[in-house]
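Student: Pick the ring packing and the site around the bound molecule, and take me through that part closely. Keep it informal, but give me the cut-offs.

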Amino acid sequence: MEKKVKVVSRSEFLKLGGAGLAGAMLLGTAGCGGGGSGDSGAGDGGGEYSFRLAETHPQEHPTAQADQEFARLVEEKSNGRIKIEVFLNAQLGQEAATIEQVQTGSIEMTRVSTAPMAEFADSMEVFSLAYIFDSTEHVWNFLQSEEGGQQLLSQLESAGFKGLTYYDGGARSFYTVEGKQVKKLEDLQGIKVRVQQSDINTKWMNALGASPTPMDYGEVYSSLQSGVLGGAENNWTSYLTAAHYEVAPNYTEDRHQRVPEVLLISQQTWGQLGEEDQQILQEAADESRDFQREAWIKSEKQAQKKVSEEGVNIIEYEEIEDIEQWREAVQPVIDEYRDQFGDVLDQIEAAK
Ligand code: GTR
């Protein structure tokens, strides 16, 4: 496929990674907890802090922009006392690694998908089930409800995290390499498809007949390029910003999952902050969520347009004739988890 735009490739991300990491380590010595003195108030009153926030996406991704908006708002609301530096492009590590570091407190903050969170907090795994949400409204009704999404966020506390907010993660769909277009379930059989690390992903992908291959996001581009993978799956925006469309130019919009993103701060860091500073961070996170949701809608449309101009073959949702069979195929996996997630699944159903 002819390439007309310059998108930062994963290997470029990785090169950036080395420099970023060195920078982060330097910062670490001067970093967190400058205020340790029992910070007591908003405005000029409290201590000074400097936090790092790890992000896997590049600058052009709306979620990366929301992190930066969050940082800007925190700095503004604290009159410059609380500074947050956002490290893009997985400079501080791939998602699972940054979650672990936030859990131990060696990085203060990260923005990740809820899928790799499953390893650290069981409750988040429910988002990996396939075909449980019908629309953006459905997922957000659930995420914003006190007994639903908000309760799941607060359960992260026992695992060492304060979940500040969700961000939109769009709908995830399949994409495949040249020569492997998926128009119906049969076409998916046996294709090695990268999945985000979580048992549930492996199970429902098997149920669809594909061959699930868990892998870090940063390795997907080269694995598609080299033929290690026959496909992967993601939302429109990440398909574009990670340049996966260059090496997997067939997109089948089955919208199997709507996996939200989450903005996390280490429970250790959170506990060091006074109540008013906690409030500053919470307010900034809520405002950045609204910013992200708006930016997300635009970016999805733009990404879809862009990749289609780049020559991607798109099979739209309505064109997948046997989509009901896809749903039926994964139902046993949902049933298997009913014991564990029964209440949450009821909440999800009620949020329709
Ligand atoms: C993206 C998400 C990332 C990362 C990635 C993946 O949609 O925004 O945080 O989880 O998917 O597939 O690993």
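Tutor: A residue is buried here when its relative accessible area is under 20%, exposed when that is over 50%, and partly exposed in between, using a 1.4 Å probe and the protein chains only. Keep in mind that this is a predicted model: local features need pLDDT of at least 70, side-chain atom pairs count only at pLDDT 80 or more, and totals for chains, interfaces and linings use all residues. Residues are numbered from 1 along each chain as its sequence is written, and side-chain values use heavy atoms, with hydrogens and water left out.

On that scale, F127 and F133 are both buried. They belong to the ring story, where the model holds 14 aromatic pairs (Phe, Tyr or Trp rings, the six-membered one for Trp, with centres within 6.5 Å; stacked under 30 degrees between planes, edge-to-face over 60, tilted for the rest). F127 and F133 count as stacked because their ring centres are 6.5 Å apart and their planes meet at 20 degrees. Another stacked pair is Y337 with F341, at 6.0 Å between centres and 15 degrees between planes. Y337 and F341 are buried too. Elsewhere, ring pairs join Y175, W236, Y239, Y245 and Y251 into a cluster. W140 has a charge for company: the charged end of R293 sits over its ring, 4.0 Å from the centre (NZ of Lys or CZ of Arg within 6 Å of the ring centre and within 35 degrees of the ring normal).

Now the ligand. It has 13 residues around it (a heavy atom within 4 Å), and H57, E95, R194, N234 and E261 come nearest. Look at the side chains facing its oxygen atoms: an N or O atom of R172 is 2.9 Å from one, a polar atom of Q196 also lies 2.9 Å from an oxygen, and for E261 that distance is 2.6 Å. Taken alone, the ligand exposes 310 Å², and the protein buries 97% of that (Shrake-Rupley areas, 1.4 Å probe).

Note on methods
A polar contact is a pair of N or O atoms within 3.5 Å; within protein, one must be able to donate a hydrogen and the other to accept it, and residues adjacent in sequence count only if both atoms are side-chain atoms.
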